[in-house]
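Colleague: I am new to this model and would like a close look at a single part of it. Please pick a loop and the helix leading into it, and show me how they sit in the rest of the chain.

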Amino acid sequence: MACKSRVSDAIATLVGVFHEYASKDCEEGKKDCGKNVCIDHFKLSKSELKELMQKELDMDNVKDPAKLDELMKELDEDGDGQVDFLEFVGLVAGMACPNMFVLSLSTIK
Ligand SMILES: [Ca+2]
């Protein structure tokens, strides 16, 4: 078995968490009849986004409907009312940047 890198593990975790939450709202009517696979498990609904933000990122300010609407509007670049993985990764990258800046400063001191 090949040794996986930490970055590969981090990517796998990110994808896994995204799909876990994106699958929560899967309704019977949204299943692909032939394959019995949920066809919307590649996107986060507003309620799925809220749950992910609260449980995985400790962001309780999304309890405020106005804040959640604001975040959803900001992330939903294609305007389909859901957050796909690429739109979600934009959020993660935005959150990582300030932390990376702080880490960079701490290593050069
Ligand atoms: Ca979208």
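**A loop and the helix before it**

Modeller: Let us start at Asn61, which lies in the loop between α2 (46-57) and α3 (65-75). Residues are counted from 1 along each chain, in the order in which its sequence is written. What you see is a predicted model, in which local features need pLDDT of at least 70 and side-chain atom pairs count only at pLDDT 80 or more, while totals for chains, interfaces and linings use all residues. Helices (H or I, at least four residues) and strands (E, at least two) are DSSP runs, numbered from the N terminus.

Is Asn61 buried or exposed? Asn61 is exposed, because 12 other C-beta atoms lie within 10 Å. The cut-offs, with C-beta atoms placed from the backbone, are 20 or more others within 10 Å for buried, 12 or fewer for exposed, and anything in between for partly exposed. Looking back towards the helix, Asn61 and Lys50 are 11 residues apart in sequence, and their C-alpha atoms are 9.5 Å apart in space.

Asp58 belongs to this loop too, coming just after α2. Asp58 counts as exposed because it has 7 C-beta neighbours inside 10 Å. Its backbone deserves a glance: Asp58 has a positive phi of about 50°, although it is not a glycine. For background, most residues other than glycine have a negative phi.

Now step back into α2 itself. The helix has 12 residues and reaches 15 Å from its first C-alpha to its last, close to the 16 Å expected at 1.5 Å a residue (the expected span is 1.5 Å times one less than the number of residues). Its buried residues are Glu48, Leu49, Lys50, Leu52 and Met53, so you have already met one of them in Lys50, the partner of Asn61 in the distance above. These buried residues of α2 pack against α1, β3 (43-44), α3 and β4; two residues are in contact if their C-beta atoms, placed from the backbone, lie within 7 Å. Ser47, also in α2, counts as exposed because it has 12 C-beta neighbours inside 10 Å. Even so, Ser47 and Ala22 are 9.6 Å apart, C-alpha to C-alpha, with their positions 25 residues apart in sequence.

Ala22 brings us to α1 (residues 6-22), one of the partners of α2. Helix α1 has Phe18, Tyr21 and Ala22 as its buried residues. Seen down the axis of α1, these fall within an arc of 105°, so they line one face of the helix (the arc is that of the directions from the helix axis to the C-beta atoms). The face turned away from this buried side carries the exposed residues Arg6, Ser8, Asp9, Ala12, Thr13 and Gly16. Leaving out residues up to four places away in sequence, Tyr21 touches Leu44, Glu48, Glu51 and Leu52.

These threads meet in the largest nonpolar core, made of 10 residues: Phe18, Tyr21, Ala22, Leu44, Leu49, Leu52, Met53, Val62, Val83 and Phe88. Such a core is a set of buried Ala, Val, Leu, Ile, Met, Phe, Trp, Tyr and Cys residues joined through C-beta atoms within 7 Å. At least two of its residues come from α1, and at least two from α2.

Finally, how the part fits the whole. The protein chain has 4 helices and 4 strands, running α-β-β-β-α-α-β-α from the N terminus. Of its 109 residues, 13% count as buried. The mean pLDDT (the predictor's confidence in each residue, from 0 to 100) is 84, and 74% of the residues score at least 70. Confidence is highest in strand β4 (residues 83-84), at 96, and lowest in strand β1 (residues 31-32), at a mean of 58. Where pLDDT is low, the predicted coordinates should not be read in detail.
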